[in-house]
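I opened this entry to keep a record of what I looked up, beginning with charge and ending with the packing of the interior.

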Amino acid sequence: MTARILVVDDIPANVRLLEVRLLAEYFEVLTANNGPDAIETCENGKVDVVLLDVMMPDMDGFEVCKRLKSDPATSHIPVVMITALDQVSDRVRGLEAGADDFLTKPVNDLQLMTRVKSLVRLKSLTDELRLRASTTRNIGIEELLSRDFATEDAKPRVLLIDERKTSVERIQKMLRNTAELDVATDPNAGFFQAAETAYECVLISTAFSDFDALRLCSQLRSLDRTRFLPIMLLADEGEEGRILRGLELGINDYLIRPIDQHELTARLRTQVRRKRYNDQLRASVAQTIEMAVIDGLTGLHNRRYLDSHLQTLFDRAVARRRPLSVMITDLDRFKSINDTHGHDGGDDVLREFARRLRKNVRGIDLACRFGGEEFVVVMPDTDGAVAEKVAERIRAEIAQAAFAIGADGKAIEVTVSVGVSSLLKGTDSVAALMKRADLALYEAKSGGRNRVVAKAA
Ligand SMILES: [Mg+2]
């Protein structure tokens, strides 16, 4: 795992100490000796994790963290605060400033590496989502990121998996006002409950009499539905080895008993905030991608998708000397269907046509709604003779059974004309290929409709 770590400390010797250890693990290291420099480096991008000293003259670590977290351009960069003393009050202040984690000086090597690695993993997930979101052009990614997701408003739904009654009661009391807390006392039941309910965080005790809590963590990480569910481990003093193994398995955070209420609520808030941020990002990316390439009415790909992929399929076929065919289909007298049965009736016809079309093409074929009542199917590895047979099968499938439209399922006859063209040996182009298919379609129409015309290769 390679990543760029920014080390911020006012004392050069401290910077050097961390730098050497990180370089030994093949991380790339950037350094800064004060807050403003650190912020500038982050703004210039390409920082994956910040290790931030708390005690610095002029601008202290809390202030640096607060500024990084309030700027949409840097708020997604994980910040690890490095405190001189293991002060709970410092930790709480840091969490309130938006810090993702803490390390205490002198920094324990193993802890440093596991924390950095776990945050780098998380960051790369967020980066991928941000990248996908920003490459889909019609989304205002900065607007999205600066939007307040109202995280403080809604109480998070949290699951506590813990078999000790006194411990359960204590946590229930601590979270009474900040979370909707469910409790599972049996770890196996807790696993299923976590998988079945939309929790925003799960707290897992390490203190089961007859069960390894880490097994539960690893099960939750490997299940699709709980892969992104934040896990916080509630451990006892002296369980450092276990916590480190937990971090390697992908737990997000931990608390050591006796648990401090402020620290618990602050850490929980951080986990929930991050999860909501990533969930929003993920949903928005998925929705934008879908809107960008899918035709809303039929669920087939749209013309934009065809335009961006046809050239690739064409180039691939030419390079591999493989055949490639294209068919353009056009519903016959569609205007009169619309006129007679209204646009809703017309939409029903288009949907049913798309369904039958999809049924008759292969997974590797690219079927698109080209516009209006025109559909295009691109068929890789398919020569003209086979393409013509496929086209004929589709034509027959449309003509042989009436279409049911409207709420009462009124049956109407629909037919389709199809033009087919195939890649020519020698010089050919996407435009020429499409033009030949279009000409063939024109011939099918003028020849009486409900027929296939193929332009032989
Ligand atoms: Mg300092």
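I began with the charges and found that the chain carries 65 positive and 71 negative ones, whose mean positions lie 6 Å apart. I note here that the model is a predicted one.

Next I turned to overall form. The C-alpha trace spans about 85 × 50 × 40 Å along its principal axes, and the radius of gyration is 30 Å, whereas a compact globule of 457 residues would come out near 23 Å. I counted 15 helices and 17 strands in the chain.

For the surface I noted an exposed area of about 22200 Å², of which carbon and sulfur atoms supply 50%, while 51% of the 457 residues count as buried. Looking at contacts between residues at least 6 apart in sequence, I found that 67% of them join residues at least 24 apart.

I then asked which residues have the most contacts inside the largest nonpolar core. This core has 28 residues, and the ones I listed are Met327, Leu331, Val349, Phe353, Leu357 and Val414. At least two residues each are supplied by strand 11 (324–331), helix 13 (334–359), strand 13 (374–380), helix 14 (384–400), strand 14 (403–405) and strand 16 (416–422), and helix 13 gives the most, with 7 residues.

Last, I followed Met327 outward, leaving aside residues up to four places away in sequence, and found that Met327 touches Phe375, Val376, Val377 and Met379, then Ala387, Val390, Ala391 and Ile394, and also Val418, Gly419 and Val420.

How values were computed:
Residues are numbered from 1 along each chain as its sequence is written. This is a predicted model: local features need pLDDT of at least 70, side-chain atom pairs count only at pLDDT 80 or more; totals for chains, interfaces and linings use all residues. Side-chain values use heavy atoms; hydrogens and water are left out. A nonpolar core is a set of buried Ala, Val, Leu, Ile, Met, Phe, Trp, Tyr and Cys residues joined through side-chain atoms within 4.5 Å. Buried means under 20% relative accessible area, exposed over 50%, partly exposed in between (1.4 Å probe, protein chains only). Helices (H or I, at least four residues) and strands (E, at least two) are DSSP runs, numbered from the N terminus. Contact means heavy atoms within 4.5 Å. The radius of gyration is taken over C-alpha atoms; the globule rule is 2.2 Å times the number of residues to the power 0.38. Accessible areas come from the Shrake-Rupley method with a 1.4 Å probe; for residues, only the protein chains shown count as cover. Lys and Arg count as positive and Asp and Glu as negative; His and the chain ends are not counted. The place of a charge is taken as NZ of Lys, CZ of Arg, CG of Asp or CD of Glu.
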